[in-house]
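Reader: I have a few labels I would like to understand. Could you take me through the reasoning behind each one?

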Amino acid sequence: MAQHSAEVTHRSVPSPAGRIHLVEQGTGPLVLLVHGFPESWYSWRHQLPVLAAAGFRAVALDVRGYGRSSKPAAASGYRMVELVQDNLAVVRALGEESAVIVGHDWGAAIAANSALSHPEVFRAVGLLSVPYAPRGGPRPSELFNGMGGDEEFYVSYFQEPGRAEAEIEPDVRGWLTGFYAALSADTMPAPGAPDPHFVSRNGTLRERFPAGRVPAWLGERELDFYVGEFEHTGLTPALNRYRNMDRDWEDFAAYDGAPITQPSLFIGGARDASTTWLSDAIKAYPDTLPGLVASHVLDDCGHWIQQERPAEVNRLLTGWLAGLPT
């Protein structure tokens with residue numbers, strides 16, 4: 001049942017997961033907003049009213065496993081092909097035939113694969129923080145296990161069920177605060193400090209978080225919302241996304257090296273490792289994103305781009321959307 005307010009409408013729609021919770025605002029061409037880890041529909045709170053005012057039907061969803069969306073019990077229920085099917089189900093449930101899809105962090109990968117595998121539905125794609133890199137190369141687990149030398153890359157750390165949960169769930173508030181701070185431009189560790197993307201052997205990620213620092217974009221209200229969501233759901237459903245990367249590699253074998261040809265947009269942060277480590281992927285955009293309209297890297301910006309720099313992101317998104325063919 002829909003719940004209406006002066007600003008937004010909350011509803012749940014059927015999907016292969018069971019249900020997907022979404023928040024929508026405005027009327028016009030559909031723009032589907034997909035969040036990353038560890039976030040929620042709320043990560044798009046600054047974008048929803050602006051896109052609605054610009055003449056779009058802005059819809060931010062809770063990815064399966066988050067918030068009020070269904071949470072399949074099996075880890076394999078969080079593979080990429082399932083998340084793409086959820087996006088298709090949302091478009092259909094909203095009575096639409098097509099949508100522009102925009103994603104941040106894991107949501108960028110979900111958006112890219114949705115556009116890649118279903119160009120007849122997703123007519124344009126916007127990627128925030130994580131560049132598009134076509135499927136290829138070695139199995140992801142082999143690649144990540146080879147990173148870090150004596151340390152362990154965080155993606156490998158997340159693989160073992162229960163391991164990261166044991167670090168996070170006794171103090172969700174403290175862990176989320178530290179994780180958000182570690183990847184925000186105004187609070188991230190100084191150059192030369194231990195990298196928060198890696199874990200010392202038998203250590204924890206928390207050891208690398210900046211102590212006692214809270215990013216400017218993260219007020220008590222915002223933190224209360226995120227903490228409430230993850231204290232309710234636990235972290236296992238969200239972490240299961242990482243535990244499917246080898247399955248994704250197998251599932252998308254038919255798309256090895258494939259470009260995304262629809263009109264596209266990329267926005268990254270100059271101080272975000274997700275953008276800087278994949279700088280070669282950005283250089284390859286003439287081949288991998290031949291429909292690219294614009295690529296922007298924002299100075300002095302970290303990973304949580306649409307929350308750290310909402311005005312700039314809103315300006316770039318609405319300008320791009322306004323120029324798309326209808």
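Reader: Thanks! What makes Asp300 exposed or buried here?

Author: Happy to help, and please keep in mind that this is a predicted model. Asp300 has a relative accessible area of 51%. The label "exposed" needs a value over 50%, so Asp300 counts as exposed. Asp300 sits in the loop between β11 (292-298) and α14 (305-308).

Reader: And what is notable about the phi of Asp300?

Author: The phi of Asp300 is positive, about 55°, although this residue is not a glycine. Most residues other than glycine have a negative phi. Asn202 is another case: its phi is positive at about 65°, and it is not a glycine either.

Reader: Where does Asn202 lie, and how do you know whether it is buried or exposed?

Author: Asn202 belongs to the loop between β9 (198-199) and α8 (220-233). With a relative accessible area of 80%, set against the cut-off of over 50%, Asn202 is therefore exposed.

Reader: Why are α2 and α3 called roughly perpendicular?

Author: Helix α2 (residues 80-93) and helix α3 (residues 106-117) pack at an angle of about 75°, and their axes are 9 Å apart. The range for "roughly perpendicular" is 65 to 115 degrees, so the label fits α2 and α3. On the α2 side the contact is made by Met80, Leu83, Val84 and Asn87, while α3 brings Trp106, Ala109, Ile110, Asn113, Ser114 and Ser117. These contact residues divide into six nonpolar, four polar and no charged.

Reader: What makes β5 a mostly covered strand?

Author: Five of the five residues of β5 (residues 57-61) are buried, a label that needs under 20% relative accessible area. Arg57, Val59 and Leu61 are buried on one side, as are Ala58 and Ala60 on the other, so that both faces are covered.

Reader: How does β5 pair with β3 and with β4?

Author: β3 (residues 18-25) and β5 pair in the antiparallel sense over four bridges, and Glu24 has Val59 as its bridge partner in β5. β4 and β5 run parallel, joined by five bridges, with Val31 opposite Ala58 of β5.

Reader: What is the peptide bond from Phe37 to Pro38 like?

Author: That bond is cis, with omega near -15°. Most peptide bonds are trans. Pro38 is found in the loop between β4 (30-34) and α1 (48-53). Phe37 is listed among the residues with the most contacts inside the largest nonpolar core, which has 98 residues.

Methods
Residues numbered from 1 in each chain as written. Predicted model: local features only at pLDDT ≥ 70, side-chain atom pairs only at ≥ 80, totals over all residues. Heavy atoms only, no water. Axes fitted to C-alpha atoms, helices over the stretch in contact; angles between N-to-C directions. Helix = DSSP H or I, 4+ residues; strand = E, 2+ residues; numbered from the N terminus. Parallel < 35°, antiparallel > 145°, perpendicular 65-115°, else oblique. Contact = heavy atoms within 4.5 Å. Nonpolar A, V, L, I, M, F, W, Y, C, P; charged D, E, K, R; others polar. Buried < 20%, exposed > 50% of the residue type's maximum accessible area, 1.4 Å probe, protein only. Core = buried A, V, L, I, M, F, W, Y, C linked by side-chain atoms within 4.5 Å. Pairing = 2+ DSSP bridges.
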